[in-house]
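Here's a walk through one structure, feature by feature. Have the sequence and the 3D view open while you read.

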Amino acid sequence: MFILALALAFIAYWSGLSEAVSRWSNQEEYSHGFLIPLVTIFILWEKRHIINAAMGPPMWSGVVIIFIALGIFIVGEISALYLLIQYSFVLVLIGLSMVTVGRATKYTYVPILLLLFAIPLPYVVEVLLTAKLQLFSSWIGVQVIRLFQIPVFLEGNIIDLGVYKLQVVEACSGLRYLFPLMSLGFIAAYFYQTAFWKRAIVFLMTIPITILMNSFRIGVIGVMVDNWGISMAEGFLHDFEGWIIFMACAALLFLLVILLEKIAPSRKTLSQLFGVVEHSPENRMFSNYGKTYSYKPFIIVILILLIALASTKFVDNRVEQAPPHEDFISFPLQFTDWIGQHDRLDERVTDKLGMSDYLFVNYTGIDRSVVNLYVAYYETQRKGVSPHSPRVCIPGGGWEIADFRRDEVDGHPINRVVIKNGDQEQLVYYWFQGRGRIIANEYLNKWYLFNDAIFENRTDGALVRYVTPVSPNETLEDADARIQSLMAQTGSELKRYIAD
């Protein structure tokens, strides 16, 4: 019955699990995800005798946890939030453990929770975290370079050495080390048989160790480039340096354990501190366990899983009531004070964004100022196909968000963003529009998406964004007036192309 329940869970959660595996394959930050399930299985196998000895009657609270998890799963399925689906799957595994081995779950829940480190972060969190780490790592790296008396100038995430300029790209932000090292720290803390505060320190210290060692790597690369040329920051040598730094991070984690034992000795050898003490098979108590076992919780769990599977299949197979949409190719290019020219996005970009139609026009005003209007339209936003928030897309390539606030323009909610790259500055307005609403808040938009998917069988909608450069001889208020002028003239047309 456990195998049947687990198989049903895998079938129901297949879309969310396959999305995680896809990101493991395509993003090096999460490539360690392939190992995490294997480590979980290995730990459970190593503890099989302890689990068998401690097995007890099924816990009805496990049924409650699975019920809650499947509620989260259905919300994730309808709202296309894979993170909810993936976290829900881990909750289901804990619930199944409680129903299968009863009180022995105290030996299984930590290895199961290790699976959380294989779940990729939402793109919005990942990009914001990457941008912050890029800038912080660049700053510390520059301090390392200056220790060697090398003149260097930092502009955003660009390290200027005079002859050479190094860009600290997203891949060098430190996330590629952070997630694997946090996983390693969690495993080490789990096996570290000592006081809780020591285990917490071992896990939490993975974050500063990663950031500082990655920054040190950036600084060393800068020193090597200054002395031996740009080849020091490219190719195999660059990747090999990454491996060396990760191994150094792991070594520092091990040294941290030794230091903690020096400060507050546990009076155990390292082999005892990290050893796994198991009960022998003779200690199993099958006689009492067999008499008290009930299959009722399993039967209820299987029924719940079948209902969840059927309901999501029903939702997935519903044909959405997509309203008619007029192609943006016919969107007007001439307004009272503006003349526009169509531009095109790279085909690889449009394929990745997955939008049904888009508008990308540069409008030139009578004073020769330029405002770019971009609209990404989606007939359906199921299964993660939805507009990428500019808060995710803006950071990178030296650009960073200098100011962000939600505002209103003539009763129209907007996100007003000032972005900078060195001396360059741009002003961005954006919001989400569709199904009769104009919304600035990304999370509120997700809620309405979930609500409309259930009650209206519609998930169409669009992202609307205006961008204008801010010249050195003008103020942000000038840029605000420019965007608002174009908004006033294009707003009625947008309502015609984005269905209510």
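Let's start in the hairpin of β8 and β9: two residues sit between the strands, and one residue to look at is Gly422, with a positive phi near 65°. Keep in mind throughout that this is a predicted model.

What joins the two strands of that hairpin? Seven bridges link β8 to β9, which covers residues 424-434, and the two strands run antiparallel. If you want a register mark to click on, take Asn415, whose bridge partner in β9 is Tyr430.

On its other pairing, β8 meets β7, again in the antiparallel sense, this time over nine bridges. A handy pair here is Glu408 with its bridge partner in β8, Pro413. These two strands also make a hairpin with two residues between them, and the turn holds Asp410 with a positive phi of about 55°. As for its surroundings, β8 has eight of its ten residues buried, so the rest of the structure largely encloses this strand.

Asp410 deserves a second look. Its loop lies between β7 (400-409) and β8 (412-421), and the residue counts as exposed because its relative accessibility is 84%. Most residues other than glycine have a negative phi, which is the background for the table below. Gln149 is another non-glycine residue with a positive phi, and its place is the loop between α8 (123-147) and β1. With 70% relative accessibility, Gln149 counts as exposed too.

| Residue | Phi |
|---|---|
| Gln149 | near 60° |
| Asp410 | near 55° |
| Gly422 | near 65° |

Now for a residue on the inside. Phe360 belongs to strand β5, residues 357-365. Is Phe360 buried or exposed? At 15% relative accessibility, where buried means under 20%, Phe360 counts as buried. Once neighbours within four places in sequence are set aside, Phe360 is in contact with Gln341, His342, Asp343, Arg344 and Leu345, and also with Asn372, Leu373, Tyr374 and Arg465. Glu425 is 65 residues from Phe360 along the chain, and their C-alpha atoms are separated by 20 Å.

Following on from Gln149, have a look at the strands past its loop. β1, β2 and β3 make an open sheet in that order, with antiparallel pairing. β1 (153-155) and β3 (165-167) are the edge strands, each pairing on one side only. From one strand to the next, the twist averages 20°. Three bridges hold the antiparallel pairing of β1 with β2, residues 158-160, and Phe153 has Asp160 as its bridge partner in β2.

On to the helices, with α9 as the example. Its 17 residues reach 24 Å from the first C-alpha to the last, close to the 24 Å expected at 1.5 Å a residue. α9 is mostly covered, with 14 of those 17 residues buried. One partner is helix α11 (residues 206-228): the two pack at an angle of about 145°, and their axes are 9 Å apart. The crossing of α9 past α11 is right-handed. Which residues meet there? From α9 come Tyr177, Leu178, Leu181, Met182 and Gly185; from α11, Thr206, Ile207, Ile209, Thr210, Asn214 and Arg217.

α9 also leads us to the cores. The largest nonpolar core has 49 residues, and Tyr13, Leu70 and Val301 are the ones that touch the most other members. Which elements give it two or more residues? They are α1 (2-12), α2 (14-26), α3 (36-46), α5 (60-79), α6 (82-101), α7 (109-113), α9 (175-191) and α15 (296-317). The largest share, ten residues, comes from α6. A second, separate core has 28 residues, among them Phe335, Tyr363, Val470 and Met487.

To see the largest core from one side chain's point of view, pick Val301. Apart from its neighbours within four places in sequence, Val301 is in contact with Ala5, Val63, Ile66, Leu96 and Val99.

Note on methods
Residues numbered from 1 in each chain as written. Predicted model: local features only at pLDDT ≥ 70, side-chain atom pairs only at ≥ 80, totals over all residues. Heavy atoms only, no water. Core = buried A, V, L, I, M, F, W, Y, C linked by side-chain atoms within 4.5 Å. Buried < 20%, exposed > 50% of the residue type's maximum accessible area, 1.4 Å probe, protein only. Helix = DSSP H or I, 4+ residues; strand = E, 2+ residues; numbered from the N terminus. Contact = heavy atoms within 4.5 Å. Pairing = 2+ DSSP bridges. Axes fitted to C-alpha atoms, helices over the stretch in contact; angles between N-to-C directions. Expected span 1.5 Å × (residues − 1). Left-handed = near helix turned anticlockwise from the far one by under 90°.
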